[in-house]
Amino acid sequence: MRRMTPKSRTGIWILVAALTVLTTLVGACAVNPVTGKSQISLISPAQELEIGREGYGPVIREYGLYEDAELRAYVNAVGQKLARVSHLPDLEWHFTILDDPTVNAFAMPGGYIYITRGILVYLNSEAQLAGVLAHEIGHVTRRHSASQLTQQQLYGAGVALGSIISPTFQRYSGVAQTALGLLFLKYSRSDETQADELAVEYATKAGYDPREIPAVYAMIRRISDQSGQRLPGFLATHPDPGDRERITGELATQAVVGKGTLSINRDGHLAQADGVLFGHDPRQGYFDGDHYYHPNLGFQMTFPTGWKHFDSHSSVAAEEPNQAAVMQLSAAEGAGDLSPTAYVASLKTNGAIRSSNGANEAIGGYAAWVGHMIVGAEGQPPTTLDAAFVRKGTSLFQFLGRSASLGDAHEGRIFAAIRSFRALTEAARINVTPDRVRLRTVSTAGTFDAVARSLGAAAADVETDAIMNQVLATDRVAAGTRLKIVNRLH
């Protein structure tokens with residue numbers, strides 16, 4: 001199950017009651033590490049640390065951790081080098097690669113920096129990686145998240161994070177939900193300009209050539225254009241304050257004056273990118289029409305015909321096109337080895353639900369409980385959810401859904417989808433392989449278009465490969481050049 005983007009979650013949020021967090025903060029003034037000036041802040045440095053620390057686990061659960069020790073060590077080494085020359089060199093910094101195909105990077109308060117494998121393969125040098133990480137470090141040192149939270153509190157908006165059922169049935173602590181909520185807030189244009197300035201400053205101080213940074217923004221814009229103006233993750237939460245490529249280029253030109261030789265390290269970065277997963281990893285679940293297969297967890301099921309699909313590391317969901325109904329499948333929290341019936345009883349005992357009405361049955365040969373649950377915090381109107389729990393080996397799968405009214409046609413489709421759950425045994429569906437980035441050396445000079453096609457019929461579309469190498473399809477490529485090419489092995 002792979003990540004849902006903030007945009008794709010919108011429809012599902014029709015089911016939720018907003019959870020307001022950070023309601024007991026006391027106003028104070030704090031010194032900004034970058035400017036050295038006092039600023040009004042309802043978030044103390046200690047609270048920033050707590051938000052970042054508590055948010056780490058939920059972020060990994062939602063996005064996935066990319067399990068490549070060598071690549072993780074490489075990114076961490078570059079990040080720590082930058083952190084040492086930042087305005088908070090003594091902060092305990094954390095640099096994490098997420099197993100997510102989107103082109104994205106983001107920061108959480110307290111020194112927690114995240115970068116996706118999706119953007120790593122599009123970067124063409126260590127200096128470009130340094131520019132991206134330095135930008136996110138700049139958001140932390142400038143205390144942009146703390147400023148956002150303060151503004152939310154001053155204007156009474158709060159930070160809300162959706163749940164498919166109710167605030168009493170949340171997976172994470174209030175602080176962790178605050179951290180996740182920050183991921184859906186956009187930085188202001190002035191925030192972005194400040195982070196860009198700090199990116200150039202930190203990269204240069206760490207010995208990297210900041211003139212590599214502008215090409216990153218050109219690359220991101222090309223990805224956006226290729227996808228029909230649908231902004232990739234980075235631009236979705238990092239609004240462009242203008243001509244970013246030009247502005248960072250001017251800043252970089254000024255920064256390198258008198259600095260001597262600065263590092264780019266293209267070859268070293270390309271070597272690290274070799275073999276990295278590209279795009280969605282089907283082993284973590286994939287759709288074929290309305291049918292869903294999960295090779296790693298060994299199950300399959302069929303969602304209602306024509307419903308929209310949303311797939312993340314922690315859940316998979318479907319929504320009726322007119323938002324008249326929605327359903328979600330995830331792992332039941334804290335289920336241990338409880339049977340479906342015992343787990344439902346524990347939810348009532350723990351106050352996670354008000355009541356339940358259902359019965360035991362077998363689904364796909366597995367023990368299950370199917371029925372309805374009443375949820376809702378005290379003082380709030382109750383909500384009735386379609387629900388089911390299926391025990392498959394060590395996993396207890398949780399199905400939750402809701403339609404406009406009990407017993408309507410959409411509810412029938414939800415329960416039919418739940419009852420379609422069964423084991424995945426078809427070898428062809430189980431043994432799927434993800435696309436990977438591979439380094440190839442050009443043997444004969446030519447245009448990138450011709451060269452890319454000569455490197456194997458299994459390569460991805462030429463424009464994708466061209467953007468990844470930050471060239472145009474019509475550009476000439478010399479013999480001996482090393483290129484990143486997406487290989488499809490299935």
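Start by selecting strands S8 and S9: they make a hairpin with four residues between them, and Gly298 in the turn has a positive phi of about 70 degrees. Strands here, like helices, are DSSP runs numbered from the N terminus (E, at least two residues, for strands; H or I, at least four, for helices). What you have open is a predicted model, where local features need pLDDT of at least 70, side-chain atom pairs count only at pLDDT 80 or more, and totals for chains, interfaces and linings use all residues. Residues are numbered from 1 along each chain as its sequence is written, and side-chain values use heavy atoms, with hydrogens and water left out.

Stay on this hairpin for a moment. S9 covers residues 299–302 and runs antiparallel to S8, with four bridges joining the two; DSSP has to find at least two bridges before two strands pair. Click His294 and look across to S9, where Phe299 is its bridge partner.

Now show the side chains of S8, residues 291–294. Which of them point the same way? His291 and Tyr293 go one way, while Tyr292 and His294 go the other. In a regular strand, side chains alternate between the two faces of the sheet. All four of these S8 residues are buried, meaning under 20% relative accessible area with a 1.4 Å probe, protein chains only (exposed is over 50%, partly exposed in between).

Next, add S7, residues 286–288, which is antiparallel to S8 and joined to it by three bridges. Tyr286 stands opposite Tyr293. S7 and S8 form a hairpin too, with two residues between the strands, and Gly289 takes a positive phi near 70 degrees there.

Time for some helices. Select H8, residues 189–205. Its 17 residues should span 24 Å at 1.5 Å a residue, and the end C-alpha atoms are indeed 24 Å apart; the expected span is 1.5 Å times one less than the number of residues. Colour its buried residues, among them Asp191, Glu192, Leu198, Val200 and Tyr202. Just after H8 comes Gly207, with a positive phi of about 95 degrees.

Then move on to H9, residues 213–226. For its 14 residues the expected span is 20 Å, and the end C-alpha atoms sit 21 Å apart, which agrees. Buried residues here include Ile213, Tyr217, Met219, Ile220 and Ile223.

Finally, zoom out. The protein chain has 17 helices and 21 strands, and buried residues make up 53% of its 490 residues.
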